[in-house]
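Colleague: Please give a close look at a single part of this model, written for a student in the first year. I would be grateful for one connected account, with each technical term explained where it first appears.

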Amino acid sequence: MKAKYIGIRNWMLTGIAAVLFLTGCGSATPANNASAPNNTPSQETAKAGDGNSTNPVTVQIDGRTVTFTEVPKRAVSLNQHVTEVMLALGLEDKMAGTAYLDDSILPEYQDAYAKVPVLSAKYPSKEVLLAAEPDFVYAGWKSAFTEKAVGTIDGLEKLGIKPYLHQSSNMTGPEPEDVFADISNIGRIFRVEEKADELIEKIKKEMKEITDRIGEQKEPLRVFVYDNGEDQPFTAANNYMTTLIRLAGGKNVFDDIPKGWTTTSWEEVVARKADVIVIVDYGDKTVEQKRNFLLSKKELAELPAIQNKRLIVLPLSAAAEGVRAPLALQTLAEGFYPEAFKQ
């Protein structure tokens, strides 16, 4: 995730470009180390799902209290996982633009996505953003709200634009409940609370069905996440992917490091004796290139995961704090414990 998820080797790039269905974010990493405040209830409960209530809704966003007296009418989403949250809630008609895909939008949201103007392949410039006349900007990573991207939160607020930073993507060790809190906030802001509740319950149900199949593991598999890097590996430390690995019956071997992502050494990877390697699919290197690199690296020859060729591929979009948690969990659980999913 350096806009990684960081993906994000070039998250800070601006410019206007046609939409690209990328296999990864790029290369800057998101700030997964900031503490996200607790969400607070609305000042006055809007009628669930009416979409037109003028009752004020107050949420805590990145340490500040923001009040929405009306439903945003020209929202812009930045980063795929928050775009899919908007589409899952049926809010495409309230979107004036979108930007920054990691890969293809989920098939069930393709028709809705096609209705939304694509402002840029990555982050749009501030000028391009303002040309869309947004009243609400929803970003997945803090890297979006910089002068090199669409502008700071303070700057946007001075222009009368309400910014929302996806809180669960910008904290250390987020849990599913933190993701649900973001979905709930968007539901309340757009007065579609009922849809948000239904979406959350659907995700919970699907995740439970998967975890029930694998059951409790007394000795979780040891997992190393390979994001990128040849001289030094870049890996997940204590972030949402680590949470998903735990729910799937594994243990991230670098979960003791108190930040979202970290650069380590190959010697340390070997010392932690991973049983499984999860390859994050995104960026300039293909999955096959990453896989071949790991399998041919002499230093890793004695690693159990390499000896047994236990390498699992997880798309970056599935590992982000959005609606894809069941897909990510299914991929990991089937890779860790395939016998539990045999018919």
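**Two arginines, a sheet and its helices**

Modeller: Arg-272 is found in the loop between helix 8 (266-271) and strand 12 (276-281); helices (H or I, at least four residues) and strands (E, at least two) are DSSP runs, numbered from the N terminus. The model is predicted, so local features need pLDDT of at least 70 and side-chain atom pairs count only at pLDDT 80 or more, while totals for chains, interfaces and linings use all residues. Residues are numbered from 1 along each chain as its sequence is written, and side-chain values use heavy atoms, with hydrogens and water left out.

Arg-272 counts as buried because its relative accessibility is 16% (buried means under 20% relative accessible area, exposed over 50%, and partly exposed in between, with a 1.4 Å probe and protein chains only). Leaving aside residues up to four places away in sequence, Arg-272 touches Arg-222, Val-253, Phe-254 and Asp-256, where contact means heavy atoms within 4.5 Å. With Asp-256 there is also a polar contact, side chain to side chain, at 2.7 Å. A polar contact is a pair of N or O atoms within 3.5 Å; within protein, one must be able to donate a hydrogen and the other to accept it, and residues adjacent in sequence count only if both atoms are side-chain atoms.

We now follow the chain from this loop into the sheet. Strand 12 belongs to an open sheet of four strands in the order 10-8-12-13, with parallel pairing (two strands pair if DSSP finds at least two bridges between them). Strand 10 (250-252) and strand 13 are at the edges and have a single partner strand each, so one side of each is left without a neighbour in the sheet. From one strand to the next, the twist averages 35 degrees; for such angles, axes are lines fitted to C-alpha atoms, for helices over the stretch in contact, and angles run from 0 to 180 degrees between N-to-C directions. Five bridges join strand 12 to strand 13 in the parallel sense, and Ile-279 stands opposite Val-313 in strand 13. Helix 9 (residues 287-296) packs on this sheet and touches strand 8 (221-226), strand 12 and strand 13, with a direction that makes about 150 degrees with that of strand 12. Helix 12 lies across strand 8, strand 10, strand 12 and strand 13, and runs at about 175 degrees to strand 13.

A second arginine is found beside strand 13. Arg-310 lies in the loop between helix 10 (304-307) and strand 13 (311-315). Because its relative accessibility is 25%, Arg-310 counts as partly exposed. Beyond residues up to four places away in sequence, Arg-310 touches Leu-221, Asp-275, Val-276, Ile-277, Ala-305, Gly-335, Phe-336 and Pro-338. Of these, Phe-336 is 26 residues from Arg-310 in sequence, and their C-alpha atoms are 8.7 Å apart in space. The side chain of Arg-310 reaches the backbone oxygen of Phe-336 at 2.8 Å.

Phe-336 leads us to helix 12 and its packing with helix 7. The axes of helix 7 (residues 240-247) and helix 12 (residues 325-336) come within 9 Å and cross at roughly 55 degrees. That angle makes helix 7 oblique to helix 12 (angles under 35 degrees count as roughly parallel, over 145 as roughly antiparallel, 65 to 115 as roughly perpendicular and the rest as oblique). From helix 7, Tyr-240, Leu-244, Ile-245 and Leu-247 meet Ala-325, Ala-328, Leu-329, Leu-332 and Phe-336 of helix 12.

Helix 7 is mostly covered, with six of its eight residues buried: Tyr-240, Met-241, Thr-242, Thr-243, Leu-244 and Ile-245. At the start of helix 7, a side-chain oxygen of Asn-239 comes to within 3.1 Å of the backbone nitrogen of Met-241. After helix 7 comes Gly-249, whose phi is positive, near 90 degrees.
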